[in-house]
Amino acid sequence: MQLVGKKEQKAAEGAPVAAPRTRRTPHRTPRRTRQCAVFLTALLVAAAGSACGSGEGSGGSSGEGAGNGAHGRSAAPGAPGAREEGGAGTLSYAEQTRRSQAARAVAAKKWGLASTPLPAPPPPAVKPEITNRKGFEITDEEEGENLPPVFTTVPVKDRVVFLTMDDGSEKDPDLLRMMTELKIPYTAFLSDYVINDNYGYFKEMQDRGVTIQNHTLNHPYLPGLSYEEQRTEICDQQDKLEKRYGKRPTLFRPPYGNYNHDTLRAAKSCGVRAAPLWTAEAYPDHMEWREWDRDLHPGDIVLTHFRGRDDWKGTMPDMIRQVMKVITDKGYAVAKLEDYV
């Protein structure tokens, strides 16, 4: 895969115009009154300094990370919830959403989206129970194995879907900036053979709130391998990702969506809790659908890939513009998969 060069985008800020000064007739003030005035002035200056320190700052929505608005750099993309700096408490969810959407609207215009992405509801206090999708379960499993469930949709009622990206071939810096400024959450399922030339790109992605998950070492057709070979592909990638990114993945996506009993046994043996597949796949110029009605449903998982012009009719930002138009036009918001699974 070839890297795609991108252009930086900048924003300019205006400067305030000072008000005209007004000439006043001088008069004498009693000494005690002047002393009180000096004391009050000092108090006002201190209060003004405190107020300035608790403000949101002058950053706009352009530039890396600026789109985080009231959430700050440490907030996960798309998730309102950071504490207001210098404030007495946390902002209400309504106020967080209002500020987030205002920043999103500016970012959406900058990045050429047809409309502003919709806000996701707060994550559930209790995650829903994930079970195998009917027809996707392994029928020869032994009783009591409790293998990781294979599913394509999270059981929720809210109009949310989940965006996931596979492999890691294309390492487009514009994708990082775009998703941060738009606050669109997504999950990266990575294969070592295509990320090992630039682990740092995905570390930066992780630092921006993206969760790194497992997609095997070399992206093989797993059912064609023995149990031990599958375990090497899955568990060695678990070890590599934990070493590189400090957290052991809990989710695993089998390459091509193909798996068997040994796949799930191997995945469970090294810490995998679930195996999410997908209901739709996004490209820069179209969508492909798994469901018969060719539509989105609450909790659907959307797949796309780290690809560029060498493989697609467009760039990764082009793909985001396309998939977000479909998601937003259908009245859905993008939520973070790990908040639900």
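These are my notebook entries on a predicted model, written for anyone meeting this structure for the first time.

**Entry 1: the whole chain**

I began with the overall make-up. I found eight helices and nine strands in the chain. Next I looked up burial, and 46% of the 341 residues turned out to be buried. The accessible surface came to about 18000 Å², and carbon and sulfur atoms hold 51% of that area. I also checked how far along the sequence contacts reach. Of the contacts with a separation of 6 or more, 73% are between residues 24 or more positions apart.

**Entry 2: the disulfide**

How many disulfides does a search of the whole structure find? I got one. Its partners are Cys235 and Cys270, with a distance of 2.2 Å from S to S. I then looked up the twist of this link: the angle about the S-S bond is -80 degrees, which goes with a left-handed form. Where do the two cysteines sit? Cys235 belongs to helix H6, residues 227–245, while Cys270 is in the loop between helix H7 (261–269) and strand E5 (275–276), so the pair ties together parts that are 35 residues apart in sequence. I wondered whether the cysteines are buried or exposed. Both Cys235 and Cys270 are buried.

**Entry 3: two helices side by side**

I moved on to helix H3 (residues 173–182) and helix H8 (residues 316–329). A pair of packed helices is described by an angle and a distance, both taken between the axes. Here the axes come within 8 Å and cross at roughly 35 degrees. Which residues meet? From H3 I noted Asp174, Leu175, Met178 and Met179, and from H8 I noted Met316, Pro317, Ile320 and Arg321. Sorted by class, this contact of H3 with H8 has six nonpolar residues, two charged ones and no polar ones.

**Entry 4: a stop at Thr153**

My last lookup was Thr153, in the loop that runs between strand E1 (150–151) and strand E2 (160–167). Its relative accessibility is 28%, and because that falls between the cut-offs of 20% and 50%, Thr153 counts as partly exposed. What does Thr153 touch, leaving out residues up to four places away in sequence? My list reads Thr279, Pro298, Gly299, Asp300 and Ile301. With Asp300 there is also a polar contact of 2.8 Å, made between the two side chains. For Pro298 I compared sequence with space: Thr153 and Pro298 are 145 residues apart in sequence, yet 7.8 Å apart from C-alpha to C-alpha.

How values were computed
Residues are numbered from 1 along each chain as its sequence is written. This is a predicted model: local features need pLDDT of at least 70, side-chain atom pairs count only at pLDDT 80 or more; totals for chains, interfaces and linings use all residues. Side-chain values use heavy atoms; hydrogens and water are left out. Axes are lines fitted to C-alpha atoms, for helices over the stretch in contact, and angles run from 0 to 180 degrees between N-to-C directions. Helices (H or I, at least four residues) and strands (E, at least two) are DSSP runs, numbered from the N terminus. Contact means heavy atoms within 4.5 Å. Ala, Val, Leu, Ile, Met, Phe, Trp, Tyr, Cys and Pro count as nonpolar, Asp, Glu, Lys and Arg as charged, and the others, Gly among them, as polar. A disulfide is a pair of cysteine sulfur atoms within 2.5 Å. Buried means under 20% relative accessible area, exposed over 50%, partly exposed in between (1.4 Å probe, protein chains only). A polar contact is a pair of N or O atoms within 3.5 Å; within protein, one must be able to donate a hydrogen and the other to accept it, and residues adjacent in sequence count only if both atoms are side-chain atoms. Accessible areas come from the Shrake-Rupley method with a 1.4 Å probe; for residues, only the protein chains shown count as cover.
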